[in-house]
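Hi there,

Here is the structure I promised to pass on. Have a look at it first, and then read on for what turned up in it.

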Amino acid sequence: MTTHPATLGRFFEDYVVGDVYQHPMGRTITDTDNAWITCLTMNTNQNHFNEHLARTNPITDGKVIVNSGLTIALVLGLSVIDMSQNAVANLQFTDVRLQHPVYVGDTIYAESICTGLRQSKSRPYAGIVSMTTRGVNQDGDVVVSWKRSVMVATRESGIGQNYFPEVKGPSLAELEAAESDSIEATR
């Protein structure tokens, strides 16, 4: 019996320059998502929530356009599992490009390429991972891209590891074995 500890994501030494990560999840944007982020951020541009007004927008073919803040946040979130799950700090975002409109009902995916690695000079427990990330819609249109650098913990640091609490009482394996023995005894 093996216990697999609660560990998620990569550590600094797991990255290789040139490796591409197609992030495993996609997310379909709903009208509620778009309205929520627009209201939450106090964005008053009616192209995000007024269908009547949006019909006059020649860029969006008359459709309500998804708030670009949501698009950026969603693609960033989709990339976390592979690129910054064990980061201790975001260091830099540059060259953000919004390349294609996003609409309610679009499903967004993301991929990243590792473009640079270096050990931190001031933090021996971490290294700097640089990447380019892009988000694409269900049709393969690139909707957003950027360059990003994050400080990621090393495996040796222990950061992001061994946080699962010590369970009081018997282990799951012991409970399962006892239940199995009990079932066998009644046969």
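A good place to begin is Ile-29. Leaving aside residues up to four places away in sequence, Ile-29 touches Val-66, Leu-70, Leu-74, Val-102, Val-104, Gly-105, Asp-106 and Ile-108. Please keep in mind that this is a predicted model.

Ile-29 also belongs to the largest nonpolar core, a set of 13 residues. Within this core, the residues that touch the most other members are Ile-29, Val-75, Val-102 and Ile-108. Three elements give two or more residues to the core: helix H3 (68–83), strand E4 (107–119) and strand E6 (142–153). Of these, H3 gives the most, with 4 residues. There is also a second core, separate from that one, with 9 residues, including Tyr-21, Met-83, Val-129 and Val-152. As general background, nonpolar side chains tend to be buried together in soluble globular proteins.

Now for the chain as a whole. The protein chain has 4 helices and 6 strands, and along the sequence they come in the order β-β-α-α-α-β-β-β-β-α. Its radius of gyration is 22 Å, whereas a compact globule of 187 residues would have one near 16 Å. The C-alpha trace spans about 75 × 55 × 30 Å along its principal axes. Buried residues account for 34% of the 187 residues. Taking contacts between residues at least 6 apart in sequence, 73% of them join residues at least 24 apart.

What about pockets? The second largest one has a volume of about 210 Å³. It is lined by 15 residues, and the closest to its centre are Ile-65, Val-66, Ser-68, Leu-98 and Pro-101. You will recognise Val-66 from the contacts of Ile-29. Sorted by class, the lining has 7 nonpolar and 8 polar residues, with no charged ones.

One last residue to look at is Arg-123, which sits in the loop between E4 and strand E5 (126–137). Is Arg-123 buried, exposed or partly exposed? Its relative accessibility is 36%, so Arg-123 counts as partly exposed, since that class lies between the buried limit of under 20% and the exposed limit of over 50%. If you would like a pair of residues to find in the viewer, try Arg-123 and Thr-44: they are 79 residues apart in sequence, and their C-alpha atoms are 42 Å apart in space.

Enjoy exploring it!

Best wishes

Technical notes. Residues are numbered from 1 along each chain as its sequence is written. This is a predicted model: local features need pLDDT of at least 70, side-chain atom pairs count only at pLDDT 80 or more; totals for chains, interfaces and linings use all residues. Side-chain values use heavy atoms; hydrogens and water are left out. On a 1 Å grid over the protein atoms alone, a cavity is a set of points where a 1.4 Å probe fits but cannot get out, and a pocket is an open set with protein on both sides within 12 Å along at least five of seven lines; lining residues have an atom within 4 Å of a point. Grid points are joined across faces, edges and corners, and a volume is the space filled by probe spheres set on the points. Ala, Val, Leu, Ile, Met, Phe, Trp, Tyr, Cys and Pro count as nonpolar, Asp, Glu, Lys and Arg as charged, and the others, Gly among them, as polar. A nonpolar core is a set of buried Ala, Val, Leu, Ile, Met, Phe, Trp, Tyr and Cys residues joined through side-chain atoms within 4.5 Å. Buried means under 20% relative accessible area, exposed over 50%, partly exposed in between (1.4 Å probe, protein chains only). Contact means heavy atoms within 4.5 Å. The radius of gyration is taken over C-alpha atoms; the globule rule is 2.2 Å times the number of residues to the power 0.38.
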